[in-house]
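This explanation leads the reader through one helix and its surroundings, and then to the ligand.

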Amino acid sequence: MSKHDPQTQGCPFAGLDRRRFLQGLGAAGAGIAAASLSGGALAGQPAHAAEVADAPTSATTGQAYPWHGDKQQGITTPRPAVGMLVAFDVLARDRDGLEQLLRTLSERIAFLTQGGSYEQRDPRYPPVDSGILGPTIDPDGLTITLSVGASLFDERFGLADVKPRQLERMTAFPNDALDAARCHGDISLQFCANSEGTTIHALRDIIKNTPGLLMVRWKQEGSVPVMAPRPDGETESARNFLGFRDGTANPPADDRTLMQQLVWVDRSNDEPAWAHNGSYQAVRLIRNFVERWDRTPLQEQEAIFGRRRDSGSPMHGGVEHDLPQYAGDPDGSVTPLDSHIRLANPRTHGSERNLILRRPFNYSNGVEANGQLDMGLLFIAYQADLQAGFITVQKRLDGEPLEEYIKPIGGGYFFTLPGVQAGDYLGSGMLAAADATRDA
Ligand SMILES: C=CC1=C(C)c2cc3[nH]c(cc4nc(cc5[nH]c(cc1n2)c(C)c5CCC(=O)O)C(CCC(=O)O)=C4C)c(C)c3C=C
Ligand SMILES: [Fe+2]
């Protein structure tokens, strides 16, 4: 490192050995200088974590969600910082091959979400896993949610008679420009975790353990900005790449009665019994034209969404979780009638049947050929009734002013399987129902 090194020019410590400099500083002056140099003295970081390439630390690597339960994890559990949706084609050729796949997936998900050590193999063979998390893996808040697409119910596996009634191949809405390479799939896996290494490691483990059974069709990674906790203990919704809080009006996931009505399939839905405790998953990859958005006046942005950008409050003011008032605003002079939130949820008699549970992640993929950033929203929503939920809401949004700034390019509809009990595997109820129908 020289004084004239372009990377260090203007730096007050240029030309000094960095470590000797830090060690030699007096206690009084060291704090600020060390923090600005290394990050080691920043709040929440141990003072000795001073090396550039030291692993960042996290207090949540031990977080684990239970594997057994009547419902899968990753739906009503809080959305962590990292999400990834991977759609697969099933290569298994028949029912027994599919059972083998579902058993293997269940066994891998159980291990990955609970954590543990990998078997050490004779080095003449390939190692058991990728090694990217080391020989012992922490659960790190990982959930892997398994869902099935309409194509799984074709002639290959004898499942046609037990298909969830509303499961269909996603068709295009008017503003869509769907890329066939990023649509549909026999199976989807939604990975959520506290860090990207954990989701990538899990995906590679699953691919390694399902040769000849499963092939990746498309994948989209996403993230949510992490925030410091507020001193008053209140929570705030994370922001999307258009700068607005996203998720504010989601139905509360800790309200079990409401979740049972809106999200989980049960006896009240006209669905096969095996599907109870499952849910419909609607996935959309929605490109955001961020350069155009960033040149749009704030008042226009807020009118498009129907919320204030900085606070996330309704247009009339207040705080994020205050309810928008539409009754006293019939002509939309406060919250425009064509604003995103008013179209998505007009809060009229009966519109509560159309509520959905959104679990979106921001994505950033690189750059388009024209130099524009390829960024957007990995939109994921869960509902017990796909028609009343996502499809009705999307039809209401068709033609909204936001369309000038967004372009849906991919996604699909899937059915999230019910959870799994000890000794069982995901999808066993579906296969048993199909076997029973065939034998009858
Ligand atoms: C079909 C369903 C929906 C799609 C697709 C969708 C895309 C989309 N949304 C935003 C940003 C925001 N959405 C907000 C609210 C909101 N969005 C939907 C549905 C879809 N959004 C609903 C049902 C709601 C809640 C409406 C209500 O009950 O008031 C908001 C406001 C804050 C919030 O409540 O989350 C924002 C911001 C983008 C950027 C986007 C596609 C790229
Ligand atoms: Fe929305």
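Two residues are taken to be in contact if their C-beta atoms, placed from the backbone, lie within 7 Å. With that in mind, and noting that this is a predicted model, one may begin with helix α3.

Helix α3 comprises the 20 residues 95-114, which at 1.5 Å a residue should span 28 Å; its end C-alpha atoms are 29 Å apart, in agreement with this expectation. Its buried residues are Leu-98, Leu-101, Leu-102, Leu-105, Ser-106, Ile-109, Leu-112 and Thr-113. Because these residues cover an arc of only 145 degrees around the axis, they lie on the same side of α3. An α-helix has 3.6 residues a turn, so residues three or four places apart point the same way. The packing partners of the buried residues of α3 are β1 (82-90), β4 (143-149), α4 (196-208) and β6 (214-223).

Arg-103 also belongs to helix α3. This residue counts as partly exposed, because it has 15 C-beta neighbours inside 10 Å, and a residue is called buried only if 20 or more lie within that distance. Between the C-alpha atoms of Arg-103 and Ala-181, which are 78 residues apart along the chain, the separation is 28 Å. Just after α3, Gly-115 adopts a positive phi of about 85 degrees.

Attention now turns to the ligand. Ligand 1 is surrounded by 25 residues, of which Phe-244, Thr-248, Ala-249, Ala-344 and Asn-345 are the closest. At least two residues of this shell come from each of β7 (279-288), α8 (340-344), β10 (373-383) and α9 (387-397); the largest share, four residues, is that of α9. Classified by type, the shell around ligand 1 contains 14 nonpolar, seven polar and four charged residues.

Technical notes: Residues numbered from 1 in each chain as written. Chains lettered and ligands numbered in written order. Predicted model: local features only at pLDDT ≥ 70, side-chain atom pairs only at ≥ 80, totals over all residues. Expected span 1.5 Å × (residues − 1). Buried ≥ 20, exposed ≤ 12 C-beta atoms within 10 Å, placed from the backbone. Arc of directions from axis to C-beta. Near = placed C-beta within 6 Å. Nonpolar A, V, L, I, M, F, W, Y, C, P; charged D, E, K, R; others polar.
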